[in-house]
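Here are some comments on the model you sent, set out as numbered points. They deal with one helix residue and then with the strands.

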Amino acid sequence: MSDNVNQPSNKTATPEANQKASQNSTQPLSHDEIRHFVPQVNCLEGKTILVTGAGDGIGRIAALTYARYGATVLLLGRTSSKLEAVYDEIESLGGKQPAMLPMDLEKATYAEMQQLEGLIVKEIGQLDGVLHNAGLLGELTPLEMYDVDIFAKVMQVNFTATFMLTQALLPLLKDAANGSIVFTSSTVGTHPRAFWGAYALSKQAVEGMSDIFTQETQNTTNLRFNCINPGGTRTNMRAHAFPGENPMSLKTPEDIMAGYVCLMSDDSIGVRGQVVALQPKD
């Protein structure tokens with residue numbers, strides 16, 4: 001799952017280069033090409049994409065961005081008022097009418113997720129992609145002192161519910177011509193770090209889940225599973241994790257959207273089982 005295709009380049013890829021690279025199944029886009037992807041207008045036209053944690057932060061910007069490039073976006077989150085605000089923003093941009101799917105992943109049952117799949121089948125008829133963006137930070141403390149109830153909540157939202165929702169939606173995703181499932185990881189998921197506790201462990205588990213799904217489906221379906229590590233980004237979660245950090249020193253969610261669009265577009269066909277760091281350290 002390492003970035004071992006090409007060395008980083010300072011050149012920005014053109015849309016023509018994106019398409020040429022993606023059409024060669026033996027040479028899928030490199031991580032650097034994904035990071036510097038130049039989306040073509042309406043590159044997500046005809047696709048329906050579900051975004052969890054769509055009410056704010058990276059999830060909100062991803063939903064708006066997907067809509068801007070032509071996708072029908074399904075907004076999943078636990079706070080209806082936030083989803084309504086994103087819904088209104090998409091409509092004001094002239095995007096396709098989105099759908100709001102209020103769901104608290106900490107409490108949602110598998111049966112409710114299966115019902116959600118049935119609702120999408122009935123009301124929309126297709127699902128081409130899922131961005132698993134919802135997450136909890138939890139505590140930054142030694143594991144020996146970690147509150148077990150908080151630990152369970154973090155694992156539930158970041159990993160268990162992510163697994164359950166993916167499994168529940170798989171029948172619909174398999175019907176897509178080129179379904180894409182993108183999980184959100186973190187630097188501490190790839191390289192676990194002291195004091196990051198349940199968050200690091202949940203992201204490590206997510207990367208493993210993406211890898212296993214890839215191995216189990218790559219020879220029988222057109223599905224692709226990948227992880228994105230957004231890196232240090234100007235979000236509320238980042239502010240809680242690093243309260244002394246100057247937020248103006250960080251990239252905004254808008255700054256890193258190229259990779260999110262790329263992995264949902266057909267230009268990334270052939271990219272499977274990868275963990276793409278959008279802000280790799282030299």
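1. In this predicted model, Ser210 has a relative accessible area of 0%, and since the cut-off for a buried residue is under 20%, Ser210 counts as buried. The residue is found in helix α8, which covers residues 197-217. If its neighbours within four places in sequence are left aside, Ser210 is in contact with Phe183, Phe225, Asn226 and Cys227.

2. Strand β2, residues 72-77, deserves a separate comment, because six of its six residues are buried and the strand is therefore largely enclosed by the rest of the structure. In a regular strand the side chains alternate between the two faces of the sheet. Both faces of β2 are covered, with Thr72, Leu74 and Leu76 buried on one side, and Val73, Leu75 and Gly77 buried on the other.

3. On one pairing, β2 runs parallel to strand β1 (residues 48-52), with five bridges between them, and Ile49 stands opposite Val73 of β2. Between these two strands the chain passes through helix α3, residues 57-68, in a β-α-β crossover that is right-handed.

4. Strand β3, residues 99-102, also pairs with β2 in the parallel sense, here over four bridges, and Leu74 is the residue that stands opposite Ala99 in β3. Helix α4, residues 80-92, joins β2 and β3 in making a right-handed β-α-β unit.

5. For the text accompanying the figure, I would keep two items together: the burial of Leu74 on one face of β2, and its position opposite Ala99 in β3.

How values were computed
Residues numbered from 1 in each chain as written. Predicted model: local features only at pLDDT ≥ 70, side-chain atom pairs only at ≥ 80, totals over all residues. Heavy atoms only, no water. Buried < 20%, exposed > 50% of the residue type's maximum accessible area, 1.4 Å probe, protein only. Pairing = 2+ DSSP bridges. Right-handed = clockwise from strand over helix to strand, strands pointing away. Contact = heavy atoms within 4.5 Å.
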